[in-house]
Amino acid sequence: MENLNEDDFMPVIDKLDEFSTSNLILVSENARNILSNSPMRLRNFNLQIRKTNFRDFFDDQNFIVPIKNISISYDIAMDFEDVVRFVIRYQNTLETLELNHFKFNNFNECANILNKLKNLTSLKLNDCHMGSFNNQTLPAIRNLKSLSFNKCDDNIFKIFINQDSIEKITVQNNDWTWNGFPHDIFNEICKNSTNLSHMVLEGAGTGSYFDGDEFPYKISKLETTMITFHWYVGIRTQRIRFLESQKRFLKDLTIHELPFDFDGGRVLKYIIEEMNLDNFYYGDIPLIIKRVKQIIKEFTASEIQITSAFEMVKQFVCYKFKLKLSKTDIASDEIEKIINPQTDLFKDVKEFEVEDNSDCRGVFGVFLELSNAVMDKLCPELIIQIFKNTDEESKLKLALVSKRLFDIFKNYIASSINFKLMINSVNFWKLFNIKVFYEIPFKNISIILDKTIKLNEYLKFIKSFADSVEILEIGFFKFKNFLSCFEIFNSLKNLKSLTLNNCQIEKLNGEAVNPIKALKTISFNKCDDNIFKIFINQDSIEKITVQNNDWTWNGFPHDIFNQICKNSTNLSHMVLEGAGTGSYFDSDEFPYKISKLETTMITFHWYVGIRTQRIRFLESQKGFLKDLTIHELPFDFDGGRVLKYIIEEMKLDKFYYGKIPLILNGQKQEVKEFAASEIQITSAIEMFLQFPSITKFNLNLSSTDVASDEIERRINPTTTLHENIAEFEVNDKSTPRGTFGIFLGLYKNMRNVKKLKFNTQDRNINVILEECLPHMTRLEEIHLTSKASRVMERFRIIRQFVPGLKIISVASQFMEDARNCFDENVQICDASSP
């Protein structure tokens, strides 16, 4: 690089960030000379000083580039007096200075830097603080034109109170729960800055400033995130004190948020009609240019800016409107008063979007009438798209607003198999009493029973769609006897799919539902035995599902379930979902054959350390089962042999462990990673035997009782089984059992691991590290969440046994200790960060 001329060299510099360029000119005399001889580049170049390069710059007496812009990020490892000397070295050329993370002990420490900088025109202070302070202030820095504060304490503001040359002042704070700066001191700085014309208030935490009583200055330009703060209290009083104080002076205004709360519309109206602005921007959107209102192609508002949104469409021609809903508490009654009356304000809107992030608050429906006011003006194609992009409940609400929307809903949405008509106690009577509603041939219906409505009313409703319904889901139906349920199921001739959630029959005398010839799929979730019994004669079923996530309860009658499967001569697909279904595989008989199985477990975990191979079910399906998905590896000490049997004896076409393909087209796949728990240890060992391509392994430890002697007997012997593992992670949630140390033998066998993660609070972490790290000779990265004591001893162990360490992640409170312990070429990270 020293031989390159300026034309060849500058493209290289242009591709680097400022910190990299700073380090480049430190080592390259050619780079210094080129930069020094280019006034334009020198003016735009910002020298970045950090802990890692400060000492090199400070000690280099040959570094004589006339730097005009410096940014210094202070660290306790840097000598403060040397930092002061370094800055003063450029007192004759320095024009822009940025100080980051400075903690001044007293006023003099700060003054020693700033008093010498006679040519300083711009000063930025980020996260700066001052301790001892006796109300001293800095003498006026005559050339200082721009001053910026970001998360600085009151004392930092106070020392600048007598700067009379400032033209632009900036305050940043993105934490809306904290004012972020002292309003009264800020006002005093602005008042004394007789040349002040430009103010920037950036971040949600600056918004409350505009709720002050006095603003003893005049400015011509303001850039601000907010012009009213959102207090979450539904303010209705017009907040315009600041605007009134700047009227006839303020000419250029940019806001990044529309005014909040119920006074927002009136505040916006005041800005547009009373302030006589030359230029007014909402973010990047020009609202007024050279005193002329503009046509607005699109804008966005939130639920707490609804009056501002209404004022926007009053003031401007708008073609696209986006409403963003959050989890904010809102006065829904007040909002509905504003938006519900019919209006043609949205006549020009051609495109409307609602982004609903309200989650549990569920405020989407509150804005129904606003949506309708916009949607009734849209073309059918756009309305159809809006229907498709909303949830099922919202589709219904929109459909019932006007005949036009209902007709579009009826013709394009409702009869689709993909639309699920969801009936509950909230909407039942409204839908039940709408006659035109029964004209729609709904194919997909879901009904959740509520005790406030009689079961017979729900049954009447379902029967109204008996000829069209193909998919039916019912929940919490409590039938008194067979007759009360026979009437409904016997009428659904076209039913293809039936899901029953938490359903019961009080009395049953051996009756069963007649075969529903179209029925292909049936699903049970926490239903009683009688519900299973009435479907014992369905011979057309192709897929059967049982769900139960309570592992302490079988969740379904195994013998009746077997009888249903036996009589379903077309059965090919079974789904057993949830830990409570696992014990089914410990049955003695399986009188059917299936080709596809999706199951949470293939062996149940009884917590007793079973060693006998449990393969009765697998043996019963051998030669028939071709497609298998398990979401948990086989448990207990027979797990490895069960997994081996599946892979080597079952001759499967497809075999998935969760989303990981183990076998496809009858061939074992290249598996890269997987996870297992302490009660799947033999299955984990079998995974390594079967798939040597595995390079990443996660071991998850819980508070389960384990046979530690048996586990240690299997994992302690030295083995090359894990030689391809490059990334190893242990997630330890075994407290109070504390099984982390039991697996030390496994850790020692991870010889070639490069990245190690121990997410544990085990108090013996230091001992474990001291034992296993000497075996991990290729280790480059360590991630430790441990908050255990003796952290410096822990770091010394790592430093001793991991000479090639490049990255270490530790608990946030230990990051400073890590910086002091490890070399600068080791990257220190916060273990709590992703």
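Me: Why does N562 count as buried?
Reply: Its relative accessibility is 9%. Buried means under 20% relative accessible area, exposed over 50%, and partly exposed in between (1.4 Å probe, protein chains only). The value 9% falls under the first cut-off, so N562 counts as buried.

Me: What kind of model is this, and how are residues numbered?
Reply: This is a predicted model, with residues numbered from 1 along each chain as its sequence is written. Local features need pLDDT of at least 70 and side-chain atom pairs pLDDT 80 or more, totals for chains, interfaces and linings use all residues, and side-chain values use heavy atoms, without hydrogens or water.

Me: What makes a residue a contact of N562, and which ones qualify?
Reply: Contact means heavy atoms within 4.5 Å. Neighbours within four places in sequence are left aside here. Then N562 is in contact with Y584, E589, P591 and Y592.

Me: Which helix holds N562, and what makes a stretch a helix?
Reply: N562 lies in helix 22, residues 558-567. Helices are DSSP runs of H or I with at least four residues, strands are runs of E with at least two, and both are numbered from the N terminus. The protein has 30 helices and 38 strands.

Me: Why does F262 count as buried or exposed?
Reply: F262 has 12% relative accessibility, so it counts as buried. F262 sits in the loop between strand 11 and helix 11. Its C-alpha atom is 7.9 Å from that of I304, although the two are 42 residues apart along the chain.

Me: How much of the protein is buried, and what share of contacts links residues 24 or more positions apart?
Reply: Buried residues make up 52% of the 834 residues. Take the contacts with a separation of 6 or more: residues 24 or more positions apart account for 67% of them.

Me: Why is helix 28 called roughly parallel to helix 29?
Reply: Helix 28 (residues 765-772) and helix 29 (residues 791-801) pack at about 10°, with their axes 10 Å apart. Angles under 35 degrees count as roughly parallel, over 145 as roughly antiparallel, 65 to 115 as roughly perpendicular, and the rest as oblique. About 10° is under the parallel limit, so helix 28 is roughly parallel to helix 29. Helix 28 brings I765, N766, L769 and E770 to the contact, and helix 29 brings E793, R794, I797, I798 and F801. Those residues divide into five nonpolar, one polar and three charged.

Me: How do you know that helix 6 is roughly parallel to helix 7?
Reply: Helix 6 (residues 80-88) and helix 7 (residues 107-114) pack at about 25°, and their axes are 8 Å apart. That angle makes the pair roughly parallel. F80, V84, V87 and I88 of helix 6 meet E109, N112 and I113 of helix 7. By class, the contact has five nonpolar, one polar and one charged residues.

Me: Which residues of helix 11 are buried, and what do they pack against?
Reply: In helix 11 (residues 264-274), the buried residues are G264, G265, V267, L268, Y270, I271 and I272. They pack against several elements, including helix 10, strand 11 and helix 12. Just after helix 11, N276 takes a positive phi of about 55°.

Me: What makes a space a cavity and not a pocket?
Reply: On a 1 Å grid over the protein atoms alone, a cavity is a set of points where a 1.4 Å probe fits but cannot get out; a pocket is an open set with protein on both sides within 12 Å along at least five of seven lines; lining residues have an atom within 4 Å of a point. The whole structure has two cavities of 30 Å³ or more.

Me: Which residues line the largest cavity?
Reply: The lining is F210, I227, T228, R239, I240, R241, F242, L243 and V267. Helix 10 (residues 241-246) gives the largest share, three residues. V267 is also among the buried residues of helix 11.

Me: Which residues line the second largest cavity?
Reply: F688, F691, P692, I694, L721, H722, N724 and I725 do.

Me: Which residues lie nearest the centre of the largest pocket?
Reply: They are K51, T52, D75, R819 and E824, out of 23 lining residues. Helix 5 supplies the largest share of the lining, four residues. Helix 5 (51-59), helix 30 (815-821) and strand 38 (827-830) each supply at least two.

Conventions: Points joined across faces, edges and corners; volume = space filled by probe spheres on them. Axes fitted to C-alpha atoms, helices over the stretch in contact; angles between N-to-C directions. Nonpolar A, V, L, I, M, F, W, Y, C, P; charged D, E, K, R; others polar.
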